[in-house]
Amino acid sequence: MEKMARVTTALGGNTITGRTMFCHLDAPANAISVCRDAAQVVVAGRNIFKIYAIEEEQFVEKLNLRVGRKPSLNFSCADVVWHQMDENLLATAATNGVVVTWNLGKPSRNKQDQLFTEHKRTVNKVCFHPTEVYMLLSGSQDGYMKCFDLRKKDSVSTFSGQSESVRDVQFSIRDYFTFAATFENGNVQLWDIRRPDRYERMFTAHNGPVFCCDWHPEDRGWLATGGRDKMVKVWDMNTNRAKEIYCVQTIASVARVKWRPECKHHIATCSMMVDHNIYVWDVRRPFIPSAMFEEHKDVTTGIVWRHLHDPYFLLSGSKDSTLYQHIFKDASQPIDRANPEGLCYSLYGDLAFAAKESLISSDSNRKPYIGDRRHPIFFKRKLDPTEQFEYISSSSALSVFETDVESGSMDWFVRTAKQYVLAGRPLAELCDHNAAVAKELDRNQVAQTWTMLRIIYSSPGTVSSANLNHSMGKGSASLPLMNSFNLKDIQSGMGSESRLDRSKGESRPENILMDSSSTLINNDENEETEGSDVPADYLLGDVEGDEDELYMMDHENPHAEEQEYILPQEAFPLRHEIVDNPSALDHLQDKADSPHVSGNEAETVSLTPVESFSLISISHSLYENRLPPDFFSPIVRDMLLFYAEQGDVQMTVSVLIVLGDRIRKEIDEQTQEHWYTSYIDLLQRFQLWNISNEVIKLSTCRAINCLNQASTTLHINCTNCKRPMSNKGWICDRCRQCASMCAVCHHVVKGLFVWCQGCSHGGHLQHIMKWLESSSHCPAGCGHLCEYT
Amino acid sequence: MMDHGEAADGGTPVPNALPAGEQAAVAPRGLDPGRWVGLYSRGERTREETMDALGRELLNSIPSTGLSQGEMEESRGLHRTLLLLLRLSQSCPFGETQEKCSQLLQALQGRGIKTPQQLGSGPSSFLPVEEILQEGAESAQRRIFIEAFVSTGRVDNITMVMGLHPEYLSSFWRTQYLLLRMDGPLPHHKRHYIAIMAAARHQCSYLVGLHMGEFLQAGGDPEWLQGLHCAPQKLRNLNEINKILAHRPWLITKEHIEALLKTGENSWSLAELIQALVLLTHYHSLASFVFGCGINPEIDHEGGHAFQPPSPRSCDSSPASEEGVSGSGGRDAMQEVEVLMERMKLLQECQLEEDGVTQEEMETRFELEKTESLLVNPSVDIAEHSLPHNVLCFVEDPSFGYKDFTRRGEQAPPTFRAQDYTWEDHGYSLINRLYPDVGQLLDEKFQVVYNLTYHTMAMHRGVDTSTLRRAIWNYVHCVFGIRYDDYNYGEVNQLLERSLKVYIKTVACYPEKTTRRMYTHFWRHFKHSEKVHVNLLLLEARMQAALLYALRAITRYMT
């Protein structure tokens, strides 16, 4: 309580002052209620029943109503209410089912006035009529509500909810005869006090028990309810059917709701379990509480506004045995802690930015977004002029900035993703292929990286000796170039390679040379720092790789051919079309767990032995003293980090997968996971499901790998009887027919199967596609208008 | 709209018929029960085909001369297949499969193979078979049996007995299915291991045996079944809480929870712990049901069958020869029912009659009921039957048992006030937060069992039994120290006869001591299904009591 605010409010002649304060009770409180004059509060619980005077600085115990040597269960209160007409009159609901009234005007020590032992089970709630002095209503676990006239010994009328336990009863504030009751089964009933035979209206408000309700003090038609389903709902009862007009989702079951006086849309809530805070919500802003009181250390069991017309003072009792007075000035406002700005990139580099309007408007003078700001969209919320207690203007603006079409094009991403091969071939081939793909898309830097990776990691024997000789000559030729570029240039160039390409890449081969030679320098320098004498072979070997690249460039045609060959590559090997035969059923039974089978198939593909070892040629001796690939690990790691940093997580992940164990241990698991998730997220946003699936499958992170093991169940209906299929096999147990028939060719479908969600018919993907090109009706002839999207 | 059904890699998404473990455990011999998964299929044709294949192979594998003794014993595959056939011939919900199995067994017998015989008759040793296996059972009941059979490969005896109350069974089945087989924080084999630990506390060899099989099927390490000392430390840490929940749930404190959750190598996550707690309480109370209804061992488990023809003596133990109802006791029993009816009516009609009763008196009545429950200890003369090692090895500190918390002269732990921590408000809210689906199902299950009634009592119809049911429910809670402020415990005394109290107390607190005598001695004129109903109330009340204690401890830990 560092920040103690003192608040004074004048209400008529009655002045309320105070500060945030609390006092210890001896026992947990179950409920509290406040006297009409706002100067006293009564606290009731299993082992406590006391009246406190609310003074300026503190609570002062005024009266202990729990008297007698061995207090009986009648003192064990589930609820308490102080009459708003007569300040001497109190009523409690005892856990043993007794309703007790108390008269403070009695001269004796025991203020107990009347006992009503009509309920058979615990009474959950008692409620005085707002204007009638002698009328008391109770709701009990036994499913009955009873109305008592305090001048008589017994109840005047009994209302049977005809359903489960009553959790709350509340007299309507404006309608003299109406009261609302909430039930354990989720219903709310409206009753006319004159008609005990049946309810006027009933509706289901919540899923599970409705713990509480509260009529709006001003708007006669509004009723707020709170339930175990963690919702607070506001119902408009003016219409024929109760209409839900607001709904607030909280984080725990709602135990109490209380409208805030003088604020049309504010409501205070506390929860039954787990969450100890008291929230005050603006029902129009259901996502963030407008104020929050965090003082209690156990669940809050009772909340009440101190005065009928004062919105600044809230009293609360709790299971932690404290009674609090909260001052609104001291409330914490979650909105202050919330980040008021939101920022998000779209797939194509567009940027959406939402912020408080004040922030935006001050910025708009600057107008820094030159051409990019094509059509910023604004959302504004009008302030409600009648709302005087709005602390923070809730209006915000959303702007969308579009990048120009050219630079923002993510075409290269999609094409790269589709064309890269990540597994299933020897490393060298993978690298070569991917390098070619990159080059095709004018991403030379990436291409270079792939090439170098091949050189570093793949067995040198794959390079034919002829090629090698060739490269020796040219390699030396490229050496002079080294001096013309320095490293820094390259670094800056790397960031925006496309620009670099355009500015310098008049002739492509040259550009490549530049890249390669600069990397050479890089390697060279590394060598020097190591302080070892560089074997000439090594240098040559390195250059050879680049040369190889050059060599490929020279022969445009074969290159193109290869491209063609690669293009149709799918994320996973397509299943060969299976010849449909009647005996297919047996197969189905055999492969009871076929989801695994296909997985294995893919694995065996990726595990095909590297064939190239046998090709080790004469030149082998030349490379005997070549550095081990481990030596480059730090560089490769830096390279991966660099690409990730640049936002090209695609490259990072692809390299990670291709290199596999060679590099994996160099990078900590969490970073890898982060990369994988980013890449998968991107792929999925581009709807490249197959590729993302392949990446998931190839990843070695456990967290990623199990991604596509979740929700693998596909619920299907039998094509014949249209009812859900049982969980075993493809045969419907109702009509005993195979459900996996193609509606077009009437054969059993294995492999890709497409269904209509509307009529459950389907078949081979190709067949259905073809069929629906020409017809819009279902091929099965069921008359359903199927749609293929 | 068309929907792409690229199930995984375009394969046909046939769900796993059996967990991989089943296949792994296959014996090298050709005849292994694991291969006949098709028998559990829904499809009639599949079953038929599998059955035919099984028959062919079985008969082929046996030379017409029959097998020598040595060969018989050697072939475990054959042994298991025979048991499978015997089980199916008794409990398969599909009539034609049942029949074929019996035929096959007979054919084998004809070839000189020693076929197993069922020991005891029917699923329960207390209830006569005819009661449980009524021909043309209700369709609801049959549907659940089929569901159980198809998804787990057997209709166990518990399910059969519960089938007397189909409405409850379906709720029970869904909960158990979720707990054991659906997604959850704990791996499947550990769930079964926890079930074993829980059942072993009550020396319930039936459940232990059942779940040892399931544990292996789920791919559990057979090593663990050597005993608790072979299980990982994490599971062993659960032992303390298991012990307490089984016998004296009121002793559980937030320190126990803290100890399990504190970070460390073998720590539990809150979600895991909740599932474990639900499993533990579920199996403790299920053990009560097993003993309370005298569930027989599964046919294909130890003690459920014999390869020798039954000796005449074992026939005697079949409950068909009912001695309780007939004879001189008949008239008395009739009167008992009438008296009970009368009392219920009185209680329901004139609640106000005893207005004069002071609160102190109500309090003393609860205390009285509690202390009196001390006296209804079961006769001590029942010898501690020696237990097979394979159950005891899962128990540490076997001497820890139920102890009345209101021993004179000792400081009793404070009474649990039902209104301060109810299932509907607090328990549900907590569990729903940590393990969502199960909260809903448990809530449903409690409601179903609490409201279950057929408005019958013995030979009477149209009876409102709510007071009686509430008395039983509250008595069970009373035995575990939970008190309802709004309940007059005098009613318990009026409605529950002594023999019933003894039975309830025994089944709830030390089920292993239940005897057939106890079962037959209470409510001698009531139907068996009504006695099973009592057991269901007992099961759920007990589970709720233990859960409330456990959840309250967790709540305290969290605040």
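How much area does chain A expose, and what share of it do carbon and sulfur atoms supply? Chain A exposes about 37,800 Å², and carbon and sulfur atoms supply 51% of that area. Keep in mind that this is a predicted model.

**Stop 1: chain A as a whole.** Select chain A and show it as a cartoon. The chain has 21 helices and 35 strands. Of its 789 residues, 51% are buried. Now consider the contacts in chain A with a separation of 6 or more: residues 24 or more positions apart account for 51% of them.

**Stop 2: a sheet in chain A.** Select strands 4, 5, 6 and 7 of chain A. These four strands form an open sheet in the order 4-5-6-7, with antiparallel pairing. At the edges are strand 4 (31-34) and strand 7 (59-64) of chain A, each of which pairs on one side only. From one strand to the next, the twist averages 25°.

Next, select residues 49-54 of chain A, which are strand 6. Five bridges join strand 6 to strand 7 of chain A in the antiparallel sense. Show A:Tyr52 and look across to strand 7 of chain A, where A:Glu61 stands opposite.

**Stop 3: two helices in chain B.** Two packed helices are described by the angle between their axes and the distance between the axes. Select residues 166-181 (helix 9) and 188-201 (helix 10) of chain B. Their axes come within 8 Å and cross at roughly 120°. Helix 9 and helix 10 of chain B are therefore oblique to each other. Show the side chains at the contact: B:Leu178, B:Leu179, B:Leu180 and B:Arg181 from helix 9 of chain B, with B:His188, B:Arg191 and B:His192 from helix 10 of chain B. Three of these residues are nonpolar, two polar and two charged.

Key. Residues are numbered from 1 along each chain as its sequence is written. Chains are lettered from A and ligands numbered from 1 in the order in which they are written. This is a predicted model: local features need pLDDT of at least 70, side-chain atom pairs count only at pLDDT 80 or more; totals for chains, interfaces and linings use all residues. Side-chain values use heavy atoms; hydrogens and water are left out. Buried means under 20% relative accessible area, exposed over 50%, partly exposed in between (1.4 Å probe, protein chains only). Contact means heavy atoms within 4.5 Å. Accessible areas come from the Shrake-Rupley method with a 1.4 Å probe; for residues, only the protein chains shown count as cover. Axes are lines fitted to C-alpha atoms, for helices over the stretch in contact, and angles run from 0 to 180 degrees between N-to-C directions. Angles under 35 degrees count as roughly parallel, over 145 as roughly antiparallel, 65 to 115 as roughly perpendicular and the rest as oblique. Ala, Val, Leu, Ile, Met, Phe, Trp, Tyr, Cys and Pro count as nonpolar, Asp, Glu, Lys and Arg as charged, and the others, Gly among them, as polar. Two strands pair if DSSP finds at least two bridges between them.
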